[in-house]
Amino acid sequence: MTGQRDAATMQHVAALPEMPGWAVETVDEYLLRLASQRNLSPHTIAAYRRDLSQFMAFCDAAGVGSISDIDRALVRRFLAYLDASYARRSIARKASAVRAFFTDQTRRGVLEVNPSERLGTLRRPRTLPHALPIRTVREILDGMTDDDPVSLRDRALLEVLYATGLRVAEAAGLRVDDVVGVEFLKVVGKGSKERAVPLGVPARRAVQAYLERGRPEMSPETDALWVGVRGGSLGVRGIRRAVRARAGTFPHAFRHSFATHLLEGGADLRAVQELLGHVELGTTQTYTAITREHLKATYERSHPRA
């Protein structure tokens, strides 16, 4: 299975930007180790390869013919080059890819000196997730009262997204057997990490209505939970279109709302981390800034001497 995944990964990146011949073997070996050890998706590995290809092409243009010839000054020049053309978020991502590659090469003894050391870390600008107000979510869900198959499906879909905080790809991967007669969804998230997420009563009722009166009318040709009007599975793009049509936003807004509303209701931060499937607690802590803003607004609105 690992060999098949590695082959699929490298097939996925085969059509990516050209990399200098002297760097291809070393970089591709590194990416295969990365995919295997960290269980990263082909899309993530492709992003790493794009960033490393750009860096290696920059070095090649500077006259470098070997990875061992790259020094700290050249890495600094690359970052300066990026600074003139890219947003800070993109620069931080590319710098991180280069730093991780050289750290690996140094740790494995391929290089004696890490040319990316002591370059500092570009902090990505923090952007707070956009959460919908509770009242807005309630109005969206309670306003979906039509009884046709697509409306039943979309009501169930939005209820599940808000009740569980699933990523859109996780929601798209659900099968009928995953939701029948269960109070907890078993979800396989990023890095093949499995977690259990409660499925609330309103979501279970909406799913049951969809399975009984909506999905059968679509003549499903798959065991996927979400199906389109022609019976095929509803993928990530289809889910995004459905959410946009019904709620005027993206599926991830329901994930943000799920986390924010839990924290505003007093949920423990680590419990929310587990429910979201975050590896790092710091990722979940982003939501605490939103709840602080909520508390501040409530205080200023309610306290007589705010």
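# A tour around helix 7

The tour opens at a right-handed crossing, that of helix 7 with helix 12. The model on display is a predicted one.

**First stop: helices 7 and 12.** Select residues 149-164 for helix 7 and residues 251-264 for helix 12; the two pack at an angle of about 40°, and their axes lie 7 Å apart. Because an angle of this kind falls outside the parallel, antiparallel and perpendicular ranges, helix 7 counts as oblique to helix 12. Next, display the side chains at the contact. Helix 7 contributes Leu-158, Leu-161, Tyr-162, Ala-163 and Thr-164, while helix 12 contributes Pro-251, Phe-254, Ser-257, Phe-258 and His-261. Coloured by class, these residues of the contact comprise seven nonpolar and three polar, with no charged residue.

**Second stop: helices 6 and 7.** Keep helix 7 selected and add residues 134-142, which form helix 6; here the packing angle is about 155° and the axes are 10 Å apart. Helix 6 is therefore roughly antiparallel to helix 7. The crossing of this pair is left-handed. Which residues make the contact between helix 6 and helix 7? On helix 6 they are Val-137, Ile-140, Leu-141 and Asp-142, and on helix 7 they are Arg-155, Leu-158, Glu-159 and Tyr-162. By class, this contact holds five nonpolar and three charged residues, and no polar ones. Leu-158 and Tyr-162 of helix 7 thus appear in the contact with helix 12 and also in the contact with helix 6.

**Third stop: the nonpolar cores.** In soluble globular proteins, nonpolar side chains tend to be buried together. The largest nonpolar core of this model has 46 residues. To find the members with the most contacts inside this core, select Leu-157, Leu-158, Val-160, Leu-185, Trp-226, Ile-239 and Val-243. Which helix supplies the largest share of this core? Helix 7 does, with six residues. A second core, separate from the former, has 31 residues; Phe-55, Val-64, Ala-95 and Leu-119 are among them.

**Fourth stop: Val-160.** Centre the view on Val-160 and set aside residues up to four places away in sequence. Val-160 then touches Gly-165, Leu-166, Leu-174, Leu-185, Leu-199, Ala-203, Val-207 and Trp-226.

**Last stop: the whole chain.** Zoom out to view the protein, which has 14 helices and two strands. What percentage of its 306 residues count as buried? The value is 43%. Among contacts with a separation of 6 or more, 60% join residues 24 or more positions apart.

How values were computed:
Residues numbered from 1 in each chain as written. Predicted model: local features only at pLDDT ≥ 70, side-chain atom pairs only at ≥ 80, totals over all residues. Heavy atoms only, no water. Axes fitted to C-alpha atoms, helices over the stretch in contact; angles between N-to-C directions. Helix = DSSP H or I, 4+ residues; strand = E, 2+ residues; numbered from the N terminus. Parallel < 35°, antiparallel > 145°, perpendicular 65-115°, else oblique. Left-handed = near helix turned anticlockwise from the far one by under 90°. Contact = heavy atoms within 4.5 Å. Nonpolar A, V, L, I, M, F, W, Y, C, P; charged D, E, K, R; others polar. Core = buried A, V, L, I, M, F, W, Y, C linked by side-chain atoms within 4.5 Å. Buried < 20%, exposed > 50% of the residue type's maximum accessible area, 1.4 Å probe, protein only.
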